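Me: I would like to go through some labels used for this model and ask what each one rests on. Please set the values against the cut-offs.

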Amino acid sequence: MMALETRALTIGYRRRRGNIVLARDLDLQLGRGSLVGILGANGVGKSTLLRTLACMQAPLAGQVLLDGEEAARMLPLDVARRLCIVLTAAPQASLLNGYALVALGRYPHSDWLGRLSKSDHAQVAWALQAVGATDLAEQRVSQLSDGQRQKLMIARALTQDCPLMLLDEPTAFLDYPRRLETLRLLRRLTRDADRAVLVCTHELDLALRYCDELWLMNESGMKVGSPAAVLRDGSLSETFGIDNFSFAANHNKNDRLRGRSYRLWAVQDSNL
Amino acid sequence: MLRPPRLPIVLSAWQGREYAGAKPLLLVALALLMCLLLMLSLALGSASIPLEQIIATLLGGEAENAAWTNIVLKFRLPKTLTAMLAGMALGVSGLLMQTYFRNPLAEPFVLGVSSGASLGVALVVLGAGTAGGILLAGQNLAGDLLLTAAAGLGAALTMTLVLLVAARIPNGVTLLILGLMFGYLVAALVSLLLYFALPERIQAYINWTFGSFSGVTSQQLPILTLIVVAGLLLAAAQVKPLNALLLSEDYARSLGVPMRQTRLGIVLATALLVSAVTAFCGPIAFIGIAVPHICRGLLSSSDHRLLLPGTILAGACVALAAGLIAELPGSNIVLPLNVVTALMGAPVVMLVVLRQARGLS
């Protein structure tokens, strides 16, 4: 069964004078153990798609299925047990320490006061170790860097214990090594913890390198394919639709990620 | 769904870590301080009464001096209990507003409930015909009751309006701006009434805006207690969603917080607490904005499981202390309550905020 599935999903915004449609009739599937990247130019509707999939926004038409069940018919708590999110900006949450922040992920599983049971503590401790943030447990969240905070937010999402994780440009405020680290971490989670991870990103090269599948969004619709395939058939260049630019892939046999050895080598500008 | 944690984890090393750095024991200190202030508030005033006499009176006995029994039971006990209830209510509603709007400047009055109350009072005091004027001129019980009723009615009407709006709009910022604008609107109407009112009526209105804990009789006290306890219980039921709201409304929703219900719960609790206090004590400034900051500073935590009991205790302490100082024990002068709360509270908040800023940098 797919962690996430959409049927004839049309996304956009309701307006009094006609709806604004960003994409229509999407039939998408995302299974456990795979890392999928959503790529597309600014304003094409990546975040809207993500918000619709996360049930934070109603679709214009069609359905979102989580574990085979229709999300629109679920209670907020049932949705929270099936999917978790990480947003672009990590909150400042003034006086919480790292541990308390991550423990908030246990919300859908804890009692009315949010008290933590032994298994909750085990989950939190595990998540902190999984993202390599154990040393942040007792530090004030407000004193951490953006990268550290985002790590904690990913750990928080992990403790929510859901099969599906949705991330909206989680690396936007991070420096390059931290971006690399984040994508690597997400990939590791799909492999080690059997999660389905969907990440909306502008990091073309990282997405090409680490994702199992890419969902390319442009005005004419959605194109789905493996990184190698979308590079080969030119749909990547088409998605970003800039004249005089081309993407070139480099095939490196020694790349550590075997079978994923296509990566963006250079963006070539023929005007230079 | 997640495979069980695979690394060996010593749980004892992790349990309770969510409170690391916080100081929950200070809650006990706050409770003790509240008891101390409670006794002082009964003992001190224009006449000081020995502590053992007060305890004897409270236990149902008679004090050596019959006048003392009378003073304690008829005047100081209702006043003290009113101060405690008002402090608790304002502290907690301030906390609810600051967390919900994620704004450190939010206070109980941002929803416009107390503006509604002040309009009710202004209409009665300034706008009413001679009947109202005669009632008030005598400063008698009926006049007091009329004021309480007018304030209560104004607050309740505003509360209904705010709840209707809160059920329909999707986010906090809009609610905040609407509440503020409503406040300005009402302030303008009150100014208009003041502009055309007779000077002695204006004085009566201004007296109400000073705030006071001594207007509540022992007959009215159960009503105030009932509403405040209901409001506090409703607030306590929101503790878990409030913690999730520390992240953001989007994150809270993704954690399964039913946002509409939670928003209505928070707004209803605040409106109940604020309208009860404003109706019985007038618009008491400052406690609502100051107490949550003092609590966060003292307990060094944002966790509402600590902050809610903290603001209840600290709110009571601050209100009792303000009431005590306003009486100027040993003298016959009584200062306006709002003068004392701000004079006393502003420096404390400045200190707390500066200390936090230093700690963070």
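Reply: Two strands pair if DSSP finds at least two bridges between them. The model is predicted. In strand β9 of chain A, Val199(A) is the bridge partner of Gly37(A).

Me: What makes β4(A) and β9(A) a pair?

Reply: The threshold is at least two bridges. β4(A), residues 35–40, is joined to β9(A), residues 196–200, by four bridges, and the two strands run parallel. They therefore count as paired.

Me: How do you know that β10(A) also pairs with β4(A)?

Reply: By the count again: five bridges join β4(A) to β10(A), residues 213–218, in a parallel arrangement. At least two are needed. Within this pairing, Leu39(A) has Leu216(A) as its bridge partner.

Me: Why is β4(A) called mostly covered?

Reply: A residue is buried if 20 or more other C-beta atoms lie within 10 Å of its own. Six of the six residues in β4(A) are buried. Leu35(A), Gly37(A) and Leu39(A) are buried on one side, and Val36(A), Ile38(A) and Gly40(A) on the other, leaving both faces covered.

Me: Why is Ala8(A) called exposed?

Reply: The exposed class takes 12 or fewer neighbours. Ala8(A) has 12 C-beta neighbours inside 10 Å, so it counts as exposed. This residue lies in strand β1 of chain A, residues 4–13, and its phi is near 45 degrees, a positive value in a residue other than glycine.

Me: What makes Asp25(A) partly exposed?

Reply: Asp25(A) has 13 C-beta neighbours inside 10 Å. Exposed ends at 12 and buried starts at 20, so Asp25(A) counts as partly exposed. Asp25(A) is part of strand β2 of chain A, residues 20–26. Its phi is positive as well, near 50 degrees.

Me: Why are α3(B) and α14(B) called oblique to each other?

Reply: The axes of α3(B), residues 66–100, and α14(B), residues 304–327, cross at roughly 135 degrees and come within 7 Å. Roughly perpendicular covers 65 to 115 degrees, and roughly antiparallel needs over 145. The crossing angle therefore falls in the oblique class. The crossing is right-handed.

Me: Which classes of residue make up the contact of α3(B) with α14(B)?

Reply: The contact has 15 nonpolar, six polar and one charged residues. Gly counts as polar and Lys as charged. Among the residues that meet are Lys79(B), Gly87(B) and Gly91(B) in α3(B), and Gly315(B) and Gly323(B) in α14(B).

Definitions and conventions. Residues numbered from 1 in each chain as written. Chains lettered and ligands numbered in written order. Predicted model: local features only at pLDDT ≥ 70, side-chain atom pairs only at ≥ 80, totals over all residues. Axes fitted to C-alpha atoms, helices over the stretch in contact; angles between N-to-C directions. Parallel < 35°, antiparallel > 145°, perpendicular 65-115°, else oblique. Left-handed = near helix turned anticlockwise from the far one by under 90°. Contact = placed C-beta atoms within 7 Å.
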